[in-house]
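The following exercises invite the reader to examine a protein model step by step. Each task is followed by a worked solution.

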Amino acid sequence: MAHLSDHPLRRGAAAVFLLTSLASRDALAGAPDEPPAATGAAAPQPVVVPPRLVTDPGVKYPDQALKERFFAEVTVVLILEIDASGAVRKATVEAPQGHGFDEAAVAAAEKLVFEPARRNDKNIPARIKFRYAFVPPPPKLTGRVEHQTAGSPIAPASITVRTADGAEHTTQTAADGSWTLENVMGGPTHIVVSAPGYEPQSADEELTPGEETHVVLRLLPRKAPAENGAASESEDEPPVQEIVVRGERPPREVTKRTLKREEIALIPGTNGDALRSLQNLPGVARPPPFGGQLIVRGSAPQDTTTYVDGTPVPIVYHFGGLSSVVPTEALDKINFYPSNYSAMYGRGMGGMVDVGIRDPKKDGRLHGMAQLDLIDARLLVEGTIPKTGVTFLIAGRRSWFDGWLGPVLTAAGAGVSTAPRYYDYQVMLKKDFGQKASLRLLFFGSDDGLEIFNENPNAGATSFSGIGTHTSFWRLQARYEHKLTDSTELKVTAAVGQDSVDIGFGALGFTTTELPISGRAEVSQKVMRSVRANVGIDMIYSPYDLHIRFPRPRPPGVPAGGPEDVPLETTQSGKRLFGGMYTEWEIMPWRGMRIVPGLRLDYTSSTQSWDISPRLNLRQELTSGSPRTALKAGAGIFYQPPGPLETDPVFGQEGLKSNRSIHYDVGFEQEFGPRVELSVNAFYKQLDRLVSDGAGNAGAGAVYGTEWLLRYKSDERFFGWIAYTLSRSERRPEPTEPSALSQYDQTHVLTTIASYNFGRGYRLGARFRLVSGNPYTPTTRGAYDATTGSFQAATASPPYGARLPLFHQLDVRFDKTWTFDSWKLSAYIDIQNVYNHQNPEGITYNYDYTQSSYVSGLPILPSLGLRGEL
């Protein structure tokens, strides 16, 4: 296959106006070229001429982007320092784009030659902006025409190729039967081959930018009557065609939403945190304040599974949702699937998030980043280990608001002292073995701790004395990828780790430790021209220790302090085994149509049962090229095993089965230009076999609604979107009880985001949210406890029968970036709740529960940050 990296690109390379002269004023003033003006006359104004481009060898689409199959129009803006001879002394990237574009632009800029800038008649140094516009190289179409049975080349043969825009391209085979067409349009393509004395043959293919498609067509000779009237060739021998395609395949899911790193780092109200940006997408509800949760399409947070490059992790956010467990700087992308995701994932009945950690940069230079804001401090270093070909990335983050929040509370006379803290870390080594294989080792983890002590506890027996929590996990992951042949790919991921949770409420508490060992492997095989098969296994083996001391949950309407409040205690040790295998087929029976049937089989040791999950996703492109119109639909069954607490003999129930959810999804996507896209989805989730307290798997429910996303994809200046979700989430604990709202129901969720780059390092963005209030269960006076002299509360029935008022909030973010010789400095202020709206977030009651009032959420909350990049 020809190397596509040598394809020339369309490049916008206009050197804009002179920004600043690097020569000193004294040097300029020391050599006047004209006599001074007469006394009293105005001094002549200097004539400054900016540098003019003389030599430009051009630039190539980066090899790294081709290898990563990243095809997009990308603009890299450079700050060039040009000396007095017109040579480029230094090139600095203004806003990094990744994927090798920055390195390619700098390397090309160093070869530029300018006619130097001039002041009057003197050459002077200068700094200018210079832009490179990278355009993905067009597809390359090659092939060979052969005799069907003999395999000998056929020449001459005529090849006619009709592309998606209706244009026709023709060529002839060479003496060896080969042919090549370059600079053809990507997308659906129809190929027709004809040769004298042979039956014509045709094929349909999807061409991908930057990739080569190789087509081998074997022609059958035309039947000619022989002397005895028999045909000269067998009539039973069918025509054969063999097609090899290299390119990135579309997703297997109905709805996949991917955020670019450039967007997630700049969304207002998230403090530049990547995973918090997911809360701005359709189908994701607003979590409670300081509730580090993902609530996807009305499902409970534990129903949504989270992976880091295919390895499951127990949490996605640090304590209180202040920050995610993987920093934005280490991310490649976040793939978010609200439902109907691929059969390669299981053990969850809500949504799914797969976080991809990026590979280290491999340009041979050392890179670094440091950031400090009011919440945490973070560092990142990456580069290449000399003479090994091994690249590395080391990153870490530690919160430090525990250092200033405690003294502030003490100075304010608060009765509660608090010391929350968290940290996370990532260490990566990666080695490429040629162009087709790579091995990556990744060690990452997270640790959270919080202690709250009441300095002035009440003397009553039930008084609150304090809370202590500690949550941590770590993973050591190895990932191996190998493109065995042009049509066969292998991916293997294995990991070992530890999950720990320790929560204490005075004498009550919960402690658990797990040691998960996980692995997954997938083989992807092209079976024929329009069919690809994916087969994989997915295993988790997890020994655990569990200790619990808690009272049982009270039924609605039952006050505290009764026999049900006597603490129960259990200590268990055991092993959990999850075994999964799946197959998924990608079928393209006609142009624009994609059918993805899948089947997953899961075994769970805690239930000692197998669950079968059939799934089907459909997608039909109605148009060729842009603007694109597509219809999509999907349905599937998803199982979620019960947790260790639910199967515990003391606190749980025996004989449980897996929870089940059946997903239905239908929608369309419509482009209105290269960057504007509308996506509309309608969904329905049928929930059954839900674990219900004391009733086995008698619970049921339903979630249904629509999602709208109007998005402007990021360009050099602007990105933004409007997301709206209309939904309802219901639950029924037992068949004899009526359906009621789920605690995670939010009827309306509207989010608008806009961010604009004003140039010269200035960017301003805003986010506005309008959300239905969270449901809650009202509390009433239940009974008087003579021992403590206080009233005990009872909850009303049905649960979650009331709702808080509407939530609305405006967040603003302002960024300023300064670019220096070899590094870059950024400062930002991220202000949440700009107009200081007192959003109700909960209910508080008086001593006997006869009166109530709202508890307001966060007031206006500014966060300042500094960031340096080397």
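## Exercise 1: A helix and its surroundings

The buried residues of helix α3 pack against α2 (63-67), β3 (74-82), β4 (88-93) and β8 (126-134). The model is a predicted one.

**Task.** Determine which residues of α3 are buried, and explain why the helix is described as largely enclosed.

**Solution.**
- Step 1. The helix α3 covers residues 101-109.
- Step 2. Residues under 20% relative accessible area count as buried. In α3 these are Phe101, Asp102, Ala104, Ala105, Val106, Ala108 and Ala109.
- Step 3. Seven of the nine residues of α3 are therefore buried, so the helix is largely enclosed by the rest of the structure.

## Exercise 2: The protein as a whole

**Task.** State how many helices and strands the protein has, and what share of its residues is buried.

**Solution.**
- Step 1. The protein contains five helices and 54 strands.
- Step 2. Its length is 870 residues, and 46% of them count as buried.
- Step 3. Among contacts with a separation of 6 or more, 65% are between residues 24 or more positions apart.
- Step 4. The accessible surface amounts to about 39700 Å², and carbon and sulfur atoms hold 59% of this area.

## Exercise 3: Confidence in the prediction

**Task.** Find the mean pLDDT of the protein, and identify where pLDDT stays under 50.

**Solution.**
- Step 1. The mean pLDDT is 81, and 82% of the residues reach 70 or more.
- Step 2. Residues 226-250 nevertheless have a pLDDT below 50, and this stretch has 58 contacts in the model beyond near neighbours in sequence.
- Step 3. Over residues 457-464 pLDDT also stays under 50, with seven contacts beyond four places in sequence.
- Step 4. Where pLDDT is low, the predicted coordinates should not be read in detail.

## Exercise 4: Cavities

**Task.** Describe the largest cavity and the second largest cavity by volume and lining.

**Solution.**
- Step 1. There are five cavities of 30 Å³ or more.
- Step 2. The volume of the largest cavity is about 80 Å³. Its lining consists of 13 residues, and those nearest its centre are Gly283, Ala285, Thr725, Ser727 and Gln746.
- Step 3. At least two lining residues of the largest cavity come from each of β18 (284-285) and β42 (718-732). By class, six residues of this lining are nonpolar, five are polar and two are charged.
- Step 4. The second largest cavity has a volume of about 50 Å³. Its lining includes Gly310, Thr493, Ser518 and Asp538.
- Step 5. For the second largest cavity, β21 (311-312), β31 (488-505), β33 (517-528) and β34 (531-550) each provide at least two lining residues. This lining has four nonpolar, five polar and two charged residues.

## Exercise 5: Two residues in strands

**Task.** For phenylalanine 683 and glutamate 206, decide whether each is buried, partly exposed or exposed, and list the contacts.

**Solution.**
- Step 1. Phenylalanine 683 belongs to strand β40 (residues 676-692). Its relative accessible area is 5%, so it is buried.
- Step 2. Beyond four places in sequence, the contacts of phenylalanine 683 include Arg297, Tyr664, Val703 and Ser727. Arginine 297 is 386 residues away along the chain, yet the two C-alpha atoms are 8.8 Å apart.
- Step 3. Glutamate 206 belongs to strand β14 (residues 201-207). Its relative accessibility is 40%, so it counts as partly exposed.
- Step 4. Outside four places in sequence, glutamate 206 is in contact with Gly187, Pro188 and Thr213.

## Exercise 6: Backbone geometry in loops

**Task.** Locate arginine 347, lysine 387 and proline 156, and state the backbone feature of each.

**Solution.**
- Step 1. Most residues other than glycine have a negative phi, and most peptide bonds are trans.
- Step 2. Arginine 347, in the loop between β22 (331-337) and β23 (352-357), has a positive phi of about 65°. With a relative accessible area of 15%, arginine 347 is buried.
- Step 3. Lysine 387, in the loop between β25 (376-385) and β26 (390-399), has a positive phi near 65°. At 90% relative accessibility, lysine 387 is exposed.
- Step 4. Proline 156 is found in the loop between β9 (140-147) and β10 (158-162). The peptide bond joining alanine 155 to proline 156 is cis, with omega about 0°.

Key. Residues are numbered from 1 along each chain as its sequence is written. This is a predicted model: local features need pLDDT of at least 70, side-chain atom pairs count only at pLDDT 80 or more; totals for chains, interfaces and linings use all residues. Side-chain values use heavy atoms; hydrogens and water are left out. On a 1 Å grid over the protein atoms alone, a cavity is a set of points where a 1.4 Å probe fits but cannot get out, and a pocket is an open set with protein on both sides within 12 Å along at least five of seven lines; lining residues have an atom within 4 Å of a point. Grid points are joined across faces, edges and corners, and a volume is the space filled by probe spheres set on the points. Helices (H or I, at least four residues) and strands (E, at least two) are DSSP runs, numbered from the N terminus. Ala, Val, Leu, Ile, Met, Phe, Trp, Tyr, Cys and Pro count as nonpolar, Asp, Glu, Lys and Arg as charged, and the others, Gly among them, as polar. pLDDT is the predictor's confidence in each residue, from 0 to 100. Contact means heavy atoms within 4.5 Å. Buried means under 20% relative accessible area, exposed over 50%, partly exposed in between (1.4 Å probe, protein chains only). Accessible areas come from the Shrake-Rupley method with a 1.4 Å probe; for residues, only the protein chains shown count as cover.
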